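Colleague: Could you take a close look at one part of this model with me? I would like a connected account of how its helices pack, and of the backbone around them.

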Amino acid sequence: MDYEGQICRPPMERGSYKLPVAVGCSYNQCKFCGLFKHLTYREISMETVEKELLRVQGIGGYPMRIFLGDGNPFGLPAERLFAILDLIHKYFPRCQQISMDATITNLREKTDREMRELYEHGVRELYLGIECGLDDVLSFMRKDHGIEEAYCQLSRLERSGIAYSAHLMLGLAGKGRWEENAEATAHFINRTRPKKIINTSIFLSERTPLFREIEKGNFHPADELENLREEYRLLELLDVEIESYDGFHDNLEVRTRGQLPRDKEKMLHHLKEAIDREELRTAEKESDKTGERNGRKERCRAEEGKVEEDRIEKLRKIS
Ligand code: SF4
C-alpha cells in the first residue's frame, strides 16, 4: 500500500506492524499539529486494507502487534472498526494486540457497549492526545476536549478494559508557564493513570496555524530550557506507575526514558544534567550578546570621540 502522510507513531509501537486504515486526521484542527494539514481526510477502502493484509501474509509476515494508522483511527464508525478487526484476525489469528491513536471526542462518540466489544475484538490500547493539563491552553490550541470531558471519557474507557496511554507536549502553554503546566499535567496524569507516556517538546513548524499565532504575537513560545524544567517538574510530581515513559527534545537531542517509579531518580538526574548544560549555554549566549552590545557601544563612543576631535580641529583652524 502506498502510504500517504508523515509516518508518526508512538516510539513504543516501533515493533508493531502499522496498518493504515485512514488517510490523515478526521479532526485536523489542533493548532500545533502539522502532520496532516496538507491531506484531505478519507477512509481507506476495505479492499485496499485486505490487499495489504494479504501482501504482508504473502511475504511471510506474522505480526503479533498491529498499530492502526493514521491520525485518529478510533474515530472510524464502530462497524467499520469491527470489520477491520475481523479481517486482521482472519489473516493473523494469533495477533495479540491492536492499538491506535484516538481523541477524546472519538471516545465520546462510542457507546459503552461498542467500547467493550472493541476490546473483545482485540483493541488493547489507545494513545490519546492529552497534551497538557490546562483548560485555557487546550482551548487556545483548539484541542477537541477540555479537562473535565477527558476525565469523564477516560473513566469510560477504563471500564471497557482498553488501556490508555498519553501523548503530552512540553511547552504548549507558552513562555513563562512551564511550572503551572507541569503541575496541572501531573495532577491530571496522577488521576487518570495512563499505561505509557510520550512527552515531546513542542515542534514549531511553518505549516501549523500556531506559527501564524506566533507571527501575530498571540503566542510566545517557551525556550528549550523552560521545556526541560517543565519535564523535570512533571516527573518530580508524578506519583503513578508508568510502564514506559519516553520524553524527547529534538532540538537538544535530550531523551529521557524509563519506567516509573522505578527509574525516577535516574531520569531526574539525567534531566538535571541537561538543564545545567542548557543554563550554561544560555548564560554564554547572554554574555556573548552583552559583549557584542558593549563592543558596539565602544565603537560608537570611539566614533563620537573622533567626530568631536575633528570639530575641535576645525574650530582651531578657523580661529
Ligand atoms: S487530533 Fe492529533 S492528528 Fe489530529 S490534528 Fe490533533 S494532534 Fe493532529
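At what angle do the axes of helix H7 and H9 cross, and within what distance do they come?

Modeller: Happy to, with the reminder that this is a predicted model. The axes of helix H7 (residues 178–192) and H9 cross at roughly 30° and come within 8 Å. An angle under 35 degrees counts as roughly parallel, so H7 and H9 are roughly parallel to each other. The crossing of H7 past H9 is right-handed. On the H7 side, the residues that meet H9 are Trp178, Glu179, Asn181, Ala182, Glu183, Thr185 and Ala186. Their partners in H9 are Glu226, Asn227, Arg229, Glu230, Arg233, Leu234 and Leu237. Sorted by class, this contact of H7 with H9 holds six charged, five nonpolar and three polar residues.

Let us stay with H9 for a moment. The helix covers residues 224–237, 14 residues in all, and from its first C-alpha to its last it reaches 20 Å, close to the 20 Å expected at 1.5 Å a residue. Ten of those 14 residues are buried, so H9 is largely enclosed by the rest of the structure. The buried set includes charged side chains: Glu224, Glu226, Arg229, Glu230 and Glu231 belong to it. Asn227, Leu228, Tyr232, Leu234 and Leu235 are buried in H9 too. Glu226, Asn227, Arg229, Glu230 and Leu234 appear both among these buried residues and among those that meet H7.

Now turn to another contact of H7, this time with a loop. Gly133 sits in the loop between strand S6 (123–131) and helix H5 (135–140). Gly133 counts as buried because it has 24 C-beta neighbours inside 10 Å. Setting aside residues up to four places away in sequence, Gly133 touches Ile147, Asn181, Ala184, Thr185, His187 and Phe188. Two of these, Asn181 and Thr185, are also H7 residues that meet H9. Glu180 is 47 residues from Gly133 in sequence, and their C-alpha atoms are 9.0 Å apart in space.

The strand before that loop has a backbone feature worth a look. Glu131, which lies in strand S6, has a positive phi of about 70° although it is not a glycine. Glu131 counts as buried, because 26 C-beta neighbours lie inside 10 Å. Beyond H7, in the loop leading to strand S8 (196–201), is Arg193. Arg193 also has a positive phi, about 50°, and is not a glycine either. With 15 other C-beta atoms within 10 Å, though, Arg193 is partly exposed. Both cases catch the eye because most residues other than glycine have a negative phi.

A second helix pair makes a good companion to the H7 and H9 packing. Helix H4 (residues 112–120) packs against helix H6 (residues 147–160) at an angle of about 45°, and their axes are 8 Å apart. H4 and H6 are therefore oblique to each other. Their crossing is right-handed, as is that of H7 with H9. Asp112, Met115, Arg116 and Tyr119 in H4 meet Arg156, Leu157, Arg159 and Ser160 in H6. By class, that contact has four charged, three nonpolar and one polar residue. Ile147, which Gly133 touches, falls within the residue range of H6.

Further toward the N terminus, consider Val49 in helix H1 (residues 46–58). Val49 counts as buried because it has 22 C-beta neighbours inside 10 Å. Leaving aside neighbours within four places in sequence, Val49 is in contact with Val21, Ile44, Ile84 and Leu87. By contrast, Val49 and Ser155 are 31 Å apart, C-alpha to C-alpha, with their positions 106 residues apart in sequence. The 13 residues of H1 should span 18 Å at 1.5 Å a residue, which agrees with the 18 Å between its end C-alpha atoms. Just after H1, Gly60 takes a positive phi of about 85°.

Finally, look at two peptide bonds. Gly69 and Asp70 are joined by a cis peptide bond, with omega about 20°. Asp70 belongs to the loop between strand S4 (65–69) and helix H2 (78–91). Another cis peptide bond joins Leu260 and Pro261, with omega about 5°. Pro261 is found in the loop between strand S10 (254–260) and helix H10 (264–318).

How values were computed. Residues numbered from 1 in each chain as written. Predicted model: local features only at pLDDT ≥ 70, side-chain atom pairs only at ≥ 80, totals over all residues. Helix = DSSP H or I, 4+ residues; strand = E, 2+ residues; numbered from the N terminus. Expected span 1.5 Å × (residues − 1). Buried ≥ 20, exposed ≤ 12 C-beta atoms within 10 Å, placed from the backbone. Axes fitted to C-alpha atoms, helices over the stretch in contact; angles between N-to-C directions. Parallel < 35°, antiparallel > 145°, perpendicular 65-115°, else oblique. Left-handed = near helix turned anticlockwise from the far one by under 90°. Contact = placed C-beta atoms within 7 Å.
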